[in-house]
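Okay, thanks everyone, let me put the model up on the screen. I'll go through one helix, then a few charged pairs, then some strands.

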Amino acid sequence: HLFRLVLYVFLPMHCFGGSLSVAPNLWKVRGGGNENIKDVDAVSSSFQVLNEKVVYSGWRTITKRKVRMRSGKVVDFDLVGVKTGGGAVLIFAWDTQTKTATLIREYMPASNSILWGLAAGLIEEKKHGNDPSVAARYELEEECHLTGGTWIPLTNVPSAMDKYALTDITAYLVLDPTPAINPKPLDEEEDIEIIPGVSIDKIMEYISNGGMNLVSGWGCLLAIAKLKEIGEV
């Protein structure tokens, strides 16, 4: 579900170094470096949300938000969300013995193509109790048939997926997960092939050649940086 949402709103990642949410009619920033918080708060408080309304609700939602900009001009924005809420997870699975990752190849309906990606999914109240760590373990088992392992968060706080998306993403690196004996089933509309043993060189090739969806490429780069930091590669 996450990757299809990415393709619907394929735009650059948001500015300000963090994600934005409404807190009594004002933009507030989640994320970004502490050294920038005062400056960002000063800027973000200049953007006033006047009203917002859900104008379409299927599996995806469209929210029309009216914002008074810093210039005083009032602008309408159409924002893409999902009916389950505002969060999603992304998981990079790494084998420390083979020095390779487990990726997936998945049909992307918006581009009508099969692209490389990471295990990912939405955080759902019913399945996960709105807990990102529970959702991440669930999605890894469902999409990669892997379980357990050592889990490392790749971001300090959830990151805004896109300029016009309401979804925040929590990314994880998991070291040495093991095969699930009886993995959870895929969702009905998912068509996924699990590909273990993918090298970092191949991952970088897929990213640079447009063979991987945008959010998975971001997650891979974060994971590779973390692997270098901990001496894994």
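Let me start with a term: buried means under 20% relative accessible area, exposed means over 50%, and partly exposed is in between, using a 1.4 Å probe on protein chains only. And when I say helix or strand, I mean a DSSP run, H or I of at least four residues for helices and E of at least two for strands, numbered from the N terminus.

Quick housekeeping. This is a predicted model, so local features need pLDDT of at least 70 and side-chain atom pairs count only at pLDDT 80 or more, while totals for chains, interfaces and linings use all residues. Residues are numbered from 1 along each chain as its sequence is written, and side-chain values use heavy atoms, with hydrogens and water left out.

How confident is the predictor? pLDDT is its confidence in each residue, from 0 to 100. The chain mean is 84, with 81% of the residues at 70 or more. The part to watch is residues 3–38, where pLDDT stays under 50. The model still has 92 contacts there beyond four places in sequence, a contact being heavy atoms within 4.5 Å. Where pLDDT is low, though, the predicted coordinates should not be read in detail.

Now the helix. Which residues of H5 are buried? H5 runs over residues 200–208, and the buried ones are Ile200, Ile203 and Tyr206. They cover an arc of only 120° around the axis, which puts them on the same side of H5; that arc is taken from the directions from the helix axis to the C-beta atoms. Flip to the other side of H5 and you find Asp201 and Ser208 exposed.

So what covers those buried residues? The cover includes four strands, E6 (87–95), E7 (100–108), E8 (113–117) and E15 (192–198), plus helix H6 (214–229). After H5 comes glycine 210, with a positive phi near 75°.

H5 has a charged pair as well. Lysine 202 and glutamate 205 meet in a salt bridge at 3.6 Å, N to O. By salt bridge I mean a side-chain nitrogen of Lys or Arg within 4 Å of a carboxyl oxygen of Asp or Glu. The two are three residues apart in H5, so they are separated by about one helical turn. Lysine 202 is partly exposed at 37%, and glutamate 205 is partly exposed too, at 35%.

How many salt bridges does the structure hold? Seven. Another one I'd point at is glutamate 232 with lysine 99, where the closest N and O atoms are 2.9 Å apart. Glutamate 232 lies in the segment after H6 and lysine 99 in the loop between E6 and E7, so this pair ties together parts 133 residues apart in sequence. Glutamate 232 counts as buried, at 17% relative accessibility, whereas lysine 99 is partly exposed at 36%.

Stay on lysine 99 for a second: its phi is positive, about 55°, although it is not a glycine. Aspartate 176 also has a positive phi, near 55°, and is not a glycine either. You'll find aspartate 176 in the loop between strand E13 (168–175) and strand E14 (178–179), partly exposed at 34%.

On to the strands. I'm calling two strands paired if DSSP finds at least two bridges between them. E3 (residues 48–57) pairs with E4 in the antiparallel sense over eight bridges, and the two form a hairpin with two residues between them. One bridge there joins serine 57 to threonine 61 in E4.

E4 then pairs with E5, antiparallel again, over nine bridges. That's a hairpin with five residues between the strands, and glycine 72 in the turn has a positive phi of about 100°. Lysine 64 has aspartate 78 in E5 as its bridge partner. There's also a salt bridge between lysine 66 and aspartate 76, with the closest N and O atoms 3.0 Å apart. Lysine 66 sits in E4 (residues 60–68) and aspartate 76 in E5 (residues 74–82), 10 residues apart. Lysine 66 is partly exposed at 26%, and aspartate 76 is partly exposed at 44%.

Last thing, the cysteines. How many disulfides does a search of the whole structure find? Zero, with a disulfide taken as a pair of cysteine sulfur atoms within 2.5 Å. Cysteine 144 is buried at 4%, and cysteine 220 is buried at 0%.

Conventions: pLDDT is the predictor's confidence in each residue, from 0 to 100.
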